[in-house]
Amino acid sequence: MKRLIPGIIFSLFLVGCAEPEQRSFAPADRNFAMDMVRKQCAIVPRHSGSPGAVKTAEFILKTARSMKGVSARIDTFTEDTPTGKITFRNVIVELPGKGKPVIIGAHYDAKKLSLAPDFQAANDGGSGVAVLLTVMKTLTSLEKPLPFPVHFIFFDGEECQEEYGPGDGLHGSRKAAKDYAGKARAMILADMVGDDNWHISVPENCSPELKKIVFQAAKDLNLQNHVEQSSMQVLDDHVPFFDAGIPAVNLIDFDYGPDNAYWHTAYDTIDKIDPESLGKTADLILKILAVMEKNSFGN
Ligand SMILES: [Zn+2]
């Protein structure tokens, strides 16, 4: 009996000082993710400026608009490239919330390969887009939405025509980073995340405060053996955001087939994609958002 009163006081004390709980999400929809890659692979070729790229942007827009509470649009702009003027289209999908948004990005354009006119770009292009749409599916069906806005940006023009430089490659992310400078909480990029040997590396040139959250999230999901820090610098769509002072991180699996042989080749096809890898990447991004919410990241 004597212990009861201190017990009650103790539990009241605990309730009073309890840290906010970190939310957990149901596992992301693997079948939906796979279907999203399949639908993109049916559109070939889809390099920037091609009718396939326009069709892909419209497919993403239509899929996003079928979800609850989103506002989606295409941002069209024309830039000079080494092969002439190209009109690019970023697809931007906004989920509402308070304060600055977290941006989640992936490129949808495919590398233009003269040797592979029907290039599927299942992993390098297809997988990132599929993961974003899958994360969007979870976030738009929540009973309690995230407190901050989430903006999904599907970049055009990631792939260079000839060689990466100020007028070649990263067109969509450079445009978006300029528009979002000073106006975003963080940027998370997913690229080449779909092969069956799922191993995410976080390049060296990412923001330390976000890396910390990524590794915390991976640990929470018991995926820490598959998500690691790399000493490599990677030039990808996160770099313009990083350079614009927005905390940015890249989730990339830059090891695709023996000696990376499937990368930018006709071998980058739908049969290399594992729904489980897409699902784990979506789970990881959702967990990162949950950690950000709990830590009030960027508030
Ligand atoms: Zn590529």
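How many of the 18 residues of H4 are buried? The legends below, drawn from a predicted model, begin with this helix.

**Figure 1. Helix H4 (122-139) is mostly covered.** Of the 18 residues of H4, 17 are buried. The length of the helix can be checked with simple arithmetic: at 1.5 Å a residue, H4 should span 26 Å, and its end C-alpha atoms are 24 Å apart, which agrees.

**Figure 2. Helix H4 packs against helix H8 (275-295).** Two packed helices are described by the angle between their axes and by the distance between those axes. For H4 and H8 the angle is about 55° and the axes are 9 Å apart. H4 is therefore oblique to H8. On the H4 side, the contact is made by Ser 127, Ala 130, Val 131, Thr 134, Val 135 and Thr 138. On the H8 side, the contributing residues are Leu 278, Thr 281, Ala 282, Ile 285 and Leu 286. The crossing of the two helices is right-handed.

**Figure 3. Helix H2 (residues 30-41) has its buried residues on the same side.** With twelve residues at 1.5 Å each, H2 should span 16 Å; its end C-alpha atoms lie 17 Å apart, in agreement with that expectation. The buried residues of H2 are Ala 33, Met 34, Met 36, Val 37, Gln 40 and Cys 41. Because they cover an arc of only 155° around the axis, these residues fall on the same side of H2. Their packing partners are helix H3 (51-65), H4 and H8.

**Figure 4. A cis peptide bond joins Val 44 to Pro 45.** Pro 45 is placed in the loop between H2 and H3. Most peptide bonds are trans. The bond from Val 44 to Pro 45 is cis, with omega near -15°.

**Figure 5. Met 192 has a positive phi in a loop between two strands.** Most residues other than glycine have a negative phi. Met 192 is not a glycine, yet its phi is about 60°. The loop that holds Met 192 runs between strand S5 (186-191) and strand S6 (200-202). Is Met 192 buried or exposed? Met 192 has 24 other C-beta atoms within 10 Å, and a residue counts as buried at 20 or more, so Met 192 is buried.

**Figure 6. Asn 260 also has a positive phi, in a loop before H8.** The phi of Asn 260, a residue other than glycine, is near 60°. Asn 260 is found in the loop between strand S8 (248-252) and H8. With 12 other C-beta atoms within 10 Å, and 12 or fewer counting as exposed, Asn 260 is therefore exposed.

Notes
Residues numbered from 1 in each chain as written. Predicted model: local features only at pLDDT ≥ 70, side-chain atom pairs only at ≥ 80, totals over all residues. Helix = DSSP H or I, 4+ residues; strand = E, 2+ residues; numbered from the N terminus. Expected span 1.5 Å × (residues − 1). Arc of directions from axis to C-beta. Contact = placed C-beta atoms within 7 Å. Axes fitted to C-alpha atoms, helices over the stretch in contact; angles between N-to-C directions. Parallel < 35°, antiparallel > 145°, perpendicular 65-115°, else oblique. Left-handed = near helix turned anticlockwise from the far one by under 90°.
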